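Please describe the architecture of this complex, beginning with the nonpolar core and ending with the contact between the chains.

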Amino acid sequence: MSEQNTTSRRKFLQTTAAIGGGLVIGFHLPAFAKQVRNIGVPAAENFAPNAFVRIGKDNMITVIVNHSEMGQGAYTSLPMIIADELDADWNNVKFEAAPVDPVYNHPGFGMQGTGGSTSTWVEWDRFRNAGATGRYLLLAAAAQTWNVDPSTLRTEKGFVIHSPSGRKISYGELVDKAATITAPKEVKLKDAKDYKLIGKPIKRLDTPEKIDGSGIFGMDVKIPGVLTAVIARAPVFGGKVKSFNGDKAKAIPGVKEVVQIDRGIAVVANGFWPAKLGRDALEMVWDEGPLSTLDTKAQTKQYADLAKQTGAVAKKEGDVSTAKDKAVKKFDVVYDLPYLAHAPMEPLNCVADVKADSCEIWVGTQFQTVDAMTAAGITGLKPNQVKLHTTLLGGGFGRRAVLDAHFVSEAVQVSKAIKSPVKVVWTREDDIRGGYYRPRAYHTISAGLDAAGKPLYWEHNIVCQSFAVGTPLEAMMVQNGVDGTAVEGASEIPYHVPNKHVEWNMAPNGVPTLWWRSVGSSHTAFVVEGFIDELAKAAGKDPFEYRRMLMDKHPRQKKVLEYVATKAGWKNPLPAGRGKGIAVHESFGSVVAMVAEVSIAKNNLKVHKVTVAVDCGQVVNPDTIKAQMEGCVVFGLTAALYGEISFENGKVKQRNFHDYKMLRMNEMPLVDVHIMDSKEKMGGVGEPGVPPVAPAVMNALFTLTGKRVRNLPLQPEDLKRKV
Amino acid sequence: MINLKVNGKSYNVDVDPSTPILWVLRDALELTGTKFGCGMAQCGACTVHLNGDAIRSCITPVARAAGQEIKTIEALSEDAIGKRLQKAWIEEDVPQCGYCQSGQLMAAAVLLKEKPYPTDNDIDLGMSGNICRCGTYQRVRKAIHRAAAMK
């Protein structure tokens, strides 16, 4: 691994994206590593220089992609990297989902998986080497064929060319000979100036199958004899089946079986509709367990009490208590952000076919190794008897990266019980009420300013659950008693404050929580960027200039902030009735700054425009970066305006898109993305665009109302002008 | 038995008449391009054409479609508007995860049939029933304008 990757990885492990860091430990299962390889075997028609690329006699280049495609563009950006080094003809490049095999493990996770905005940067070196090795072997094969020195040869768009003689041979014609040549240990990589694809806005390879209905998501998998199961799960987290009667369910035409599994009662039928009717007809008695009184309002008080406790220290600089005596103005406020569901468009689902000596799984997943290992555990089969096929994912956002593989284990358990292939389908209600939420986060934050308006101290306490404590992630993600995902984006801020103290108080577990697109930064950025705006106001300074004044030790963030201000015309006056707000945040190795322009119309917040500046280092596909930023704006705005999972009598109050609302076309702002020319190390783009959205928008709203929004989602009274 | 005409083909299906069209398409006819997103007409992923109108197949009982013409995403390319939309979708690189795009395209096809040169406001009205969690709205809008401009 190169220096760049090692360094990035270290940072990656220190911050959230440790997503899988811990799994190296937790899922270090030797049996799996010894699994017989069934990949990369060159069939007669193909030449596979390594596990990531296959070159066909028909000149088709197949890139085997080990990162799931969930919309982020992995099935295009990763093939681009290989194709560029290979000098392939892009028109002949296609992708294929990798099978489960240790050779496809995520270099940072130690298992196969997708997440942490890592897919492109973490494979940058490996995929360039894979392509360059292929090119080397093809060159060597051509040199042998023509009996010339390889240095007299060049490659272009799928051909090796001997310039002195004008001879030309296609890669496909070299396949047999190339397969006989041993790959070198090291290959020379292209100079950046020679990139043909990298850095260009290349069209996605997966679009054609996504516009004619032919793309296969997990939900669309059809195998002979497959039945459909819909599962009744406990209405309160941690609840258990006390008793049930499936007679009425079985009376529904099409219902085949009613079986109990660990997580509930599965109604199995010859299609979704009878299975769903059957599930509705189940007579269930639940033991709701200790969370049966869970209530959001009561939890607010519980979290407020916790915030007064001494927490685990995430950051300590200077001496806050002494600084408090010197401050001329002091501020002490509370920000409170709710649980959030990922709500991918494709509800969770999984197809499993368990037989005596095999288990085959088709699933849109971010965590292949965990899923396959869990299936092996449930069936008692050897890891190499489990075969998992990764389908397209209808959205992920973290929801399809689960440590307990619950949506896979359900299908495996049902298939094992009924001895038939089965597809478990979650309804939207199952998904919204199914847990694994972004943790609720309750922040108390205080600061004091000196006479010049500069912050003297900054004291921040975060109360939220940990999804790492008590799991295999704990060893890696929890350092000195602090869950890194709870405080990321808060323990390090880009503003100079001489005395700083950041603490975390762990809220009791019970509600299942998980990483949600941008993880800790999804709440910390709102607090830090909202609070710095409050301080700017108190200091009587322009919010952009105030930030800038405090950013000398963070030149990268400062540059991005300045860039967005320029691109958005920060200094230009707005039409009457409009306000603008600014925010900047670093996460997943990238820095994103935004300026939002808003107005209030008919008691609604209208976001007109969001200008985005992003520094993600080396650019692979600029159009993918733009698309991710556009998507991040929608994701962040949806949460800011509507996102809330709340509890009453232990149960989730929301159930579908009418009460867990999504941003729609008529609310879509113009998103204007500017990618910075950067020499920084490559960072991620799938998540870093989410954190700055809510603060930029709410800071803009403040300029219209004079009221600070510290709780999300936005409430109608937040739109009324302060009296 | 209910007779359905789907994408120009005739089928007799033996299902409960209250079964939503969506599940007849997906489970009985194996036309899986039409997606399940919410089951209560909130998201538009299940949009198909019934006699040329955009309907939410997740809440429309199959009995309502008996003997009538259903068109799904699998047959979108069979008319000029559908072809233009698909071309525009590629040129604007619209989809991300892609799960909602069948519904987006089917809704856009009806919009363009009714408003050959839609304004942004027309697009807001015609497309706000279709949720995209990945947030491709800006590109959907551009692609509809692009398709409208193609001749």
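The largest nonpolar core has 273 residues, and those touching the most other members are Ala229(A), Val267(A), Val564(A), Met594(A) and Val697(A). A nonpolar core is a set of buried Ala, Val, Leu, Ile, Met, Phe, Trp, Tyr and Cys residues joined through C-beta atoms within 7 Å. Helix H5 (residues 119-146) of chain A gives the most to this core, namely 13 residues. Here helices (H or I, at least four residues) and strands (E, at least two) are DSSP runs numbered from the N terminus. A residue is buried if 20 or more other C-beta atoms lie within 10 Å of its own, exposed if 12 or fewer, and partly exposed in between, with C-beta atoms placed from the backbone.

This is a predicted model, in which local features need pLDDT of at least 70 and side-chain atom pairs count only at pLDDT 80 or more, while totals for chains, interfaces and linings use all residues. Residues are numbered from 1 along each chain as its sequence is written, and chains are lettered from A and ligands numbered from 1 in the order in which they are written.

Outside its neighbours within four places in sequence, Val564(A) is in contact with Ala593(A), Met594(A), Val595(A), Thr611(A), Val612(A) and Ala613(A). Contact means that the C-beta atoms of two residues, placed from the backbone, lie within 7 Å.

Strand E11 (residues 264-269) of chain A is mostly covered, with 6 of its 6 residues buried. The table gives strand pairings from both chains; two strands pair if DSSP finds at least two bridges between them.

| Strand | Partner | Sense | Bridges |
|---|---|---|---|
| E8(A), residues 227-233 | E11(A) | antiparallel | 6 bridges |
| E10(A), residues 255-261 | E11(A) | antiparallel | 6 bridges |
| E1(B), residues 2-6 | E2(B) | antiparallel | 5 bridges |

Within E11(A), Gly264(A) stands opposite Arg233(A), and Ala269(A) is the bridge partner of Val255(A). E10(A) and E11(A) form a hairpin with 2 residues between them.

Elsewhere in chain A, Ala401(A) lies in the loop between strand E17 (386-390) and helix H13 (406-418). Ala401(A) is buried because 25 other C-beta atoms lie within 10 Å. Its C-alpha is 8.4 Å from that of Trp515(A), although the two residues are 114 apart in sequence.

Chain A as a whole has 21 helices and 29 strands. Its radius of gyration is 27 Å, close to the 27 Å that the globule rule gives for 723 residues, so chain A is as compact as a globular protein of that length. The radius is taken over C-alpha atoms, and the rule is 2.2 Å times the number of residues to the power 0.38. Buried residues make up 57% of the 723 residues in chain A.

In chain B, an open sheet of 5 strands has the order E2-E1-E5-E3-E4, with mixed pairing. Strand E2 (9-13) and strand E4 (53-56) of chain B stand at the edges with a single partner strand each, so one side of each has no neighbour in the sheet. In the E1(B)-E2(B) pair, Lys9(B) is the bridge partner of Val6(B).

The two chains meet where 45 residues of chain B are in contact with 47 residues of chain A. Helix H1 (21-28), helix H2 (80-91), helix H3 (101-114), helix H4 (120-127) and helix H5 (137-149) of chain B each supply at least two residues of the side that touches chain A. The residues on that side of chain B comprise 22 nonpolar, 16 polar and 7 charged. Ala, Val, Leu, Ile, Met, Phe, Trp, Tyr, Cys and Pro count as nonpolar, Asp, Glu, Lys and Arg as charged, and the others, Gly among them, as polar.
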